[in-house]
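Trainee: Hi, could you walk me through the ligand site in this one?
Mentor: Sure, let's open it up and go through it together.

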Amino acid sequence: MRDRNTFPTILAALLPPLLNYDRPASLLLPAPADVEVENACMVKSAEEIVRVQTKMTEKLPKDGVIVEPKTGVSFPSYLLFGEPGGNVGDKSCQVLAGVGSREKTLIRVKSIMIYAFGLYVEPNHLRAKLGDKYAGVPPEELKYRPEFYDDLLSQGVGMTVRLVVHYKGLKMRMVRSAFENSLKMRLKRIKGVEDDEALHDFCSLMSEDLKIFQGTTIDFRWQPGGALLTEIGGHKIGTVFSHHLCRAFFDLYIGEKPVSESAKYEIGESFGRLLTTND
Ligand code: DAO
């Protein structure tokens, strides 16, 4: 039988008219049953989510957002998932655990700010996967334990990284090639080979036809079952099934040599707080 992790497939390709695609919407296949969010945090009220988020990060969202200080980019304190227009009570949520920014140095002197990012987590999923092992460990201590991040990455906790483009000259081909290089190195460490079909599928989603601008959001969501969903400007671009790819992707933000060390520890501490509170 074909193992989904060995033979990753792009399962979905949604074709937003705004993004100038002309592939038929019938290419969108239903997700397999095990992609349903287990232990999903179903929404009771927006106030309740904000309360959980505030406890977790000790940052008070102002007008429902938290601002990344270096870029001034605002991140909503939570993301809701479910049918568009459906009841709020039928949606699941992820809460913001930390924010950071990505700088690159050009020709060794000039530093440019490429994007800001925020990492969101599904609180009940995190507790279900790692509560038994880490509840009670002080968050300020937990954030420095490499084993904690290894567990987060190997357990496949439901998380989303949202990038918000800051650099005005950014093109999709630059994003694709930067991800390809960064992910190859991480796959080599995780899987022993630097290239695979999933990475190829993932990079092929980032077509040059997709136009991005300052302020465009790019979401990468790790879904149960080892699925990496990409959305650009709120439009689903595709899903690639591969545990190794999901792990390599999130390793960029909470693994070894992360994009921003301060953001990684902020996120780790927030996760620690979530594991020690019960709501
Ligand atoms: O942060 O390493 C990473 C992941 C991907 C970065 C995507 C954007 C990089 C663009 C570089 C442009 C340089 C002018």
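**Around the ligand**

Mentor: By class, the shell around the ligand has 10 nonpolar, 1 polar and 2 charged residues. Keep in mind that this is a predicted model.

Trainee: Thanks! Which residues are the closest to the ligand?
Mentor: Of the 13 residues that surround the ligand, the closest are Arg 102, Tyr 115, Leu 170, Phe 179 and Ser 182.

Trainee: How far is the side chain of Tyr 115 from an oxygen atom of the ligand?
Mentor: An N or O atom in the Tyr 115 side chain is 2.5 Å from a ligand oxygen. For Arg 102, a polar side-chain atom lies 2.7 Å from an oxygen atom of the ligand. With Ser 182, the distance from a side-chain N or O atom to a ligand oxygen is 3.2 Å.

Trainee: And how much of the ligand does the protein bury?
Mentor: The protein buries 91% of the 440 Å² that the ligand exposes when taken alone.

Trainee: Which elements give two or more residues to that shell?
Mentor: Those are strand S5 (92-106), strand S6 (110-121) and helix H5 (172-191). H5 gives the largest share, 5 residues.

Trainee: Switching to pockets: which one does the ligand take up?
Mentor: The ligand's space is the second largest pocket, with a volume of about 410 Å³. Among its 22 lining residues, Lys 104, Ile 114, Met 174, Val 175 and Ala 178 are the closest to the pocket centre.

Trainee: What's the class split for the lining?
Mentor: The lining of that pocket has 17 nonpolar, 3 polar and 2 charged residues. Its largest share, 7 residues, comes from H5.

Terms used
Residues are numbered from 1 along each chain as its sequence is written. This is a predicted model: local features need pLDDT of at least 70, side-chain atom pairs count only at pLDDT 80 or more; totals for chains, interfaces and linings use all residues. Side-chain values use heavy atoms; hydrogens and water are left out. A residue is near a molecule or strand if one of its heavy atoms lies within 4 Å of it. A polar contact is a pair of N or O atoms within 3.5 Å; within protein, one must be able to donate a hydrogen and the other to accept it, and residues adjacent in sequence count only if both atoms are side-chain atoms. Accessible areas come from the Shrake-Rupley method with a 1.4 Å probe; for residues, only the protein chains shown count as cover. On a 1 Å grid over the protein atoms alone, a cavity is a set of points where a 1.4 Å probe fits but cannot get out, and a pocket is an open set with protein on both sides within 12 Å along at least five of seven lines; lining residues have an atom within 4 Å of a point. A molecule sits in a cavity or pocket if more than half of its atoms lie within 2 Å of its grid points. Helices (H or I, at least four residues) and strands (E, at least two) are DSSP runs, numbered from the N terminus. Ala, Val, Leu, Ile, Met, Phe, Trp, Tyr, Cys and Pro count as nonpolar, Asp, Glu, Lys and Arg as charged, and the others, Gly among them, as polar. Grid points are joined across faces, edges and corners, and a volume is the space filled by probe spheres set on the points.
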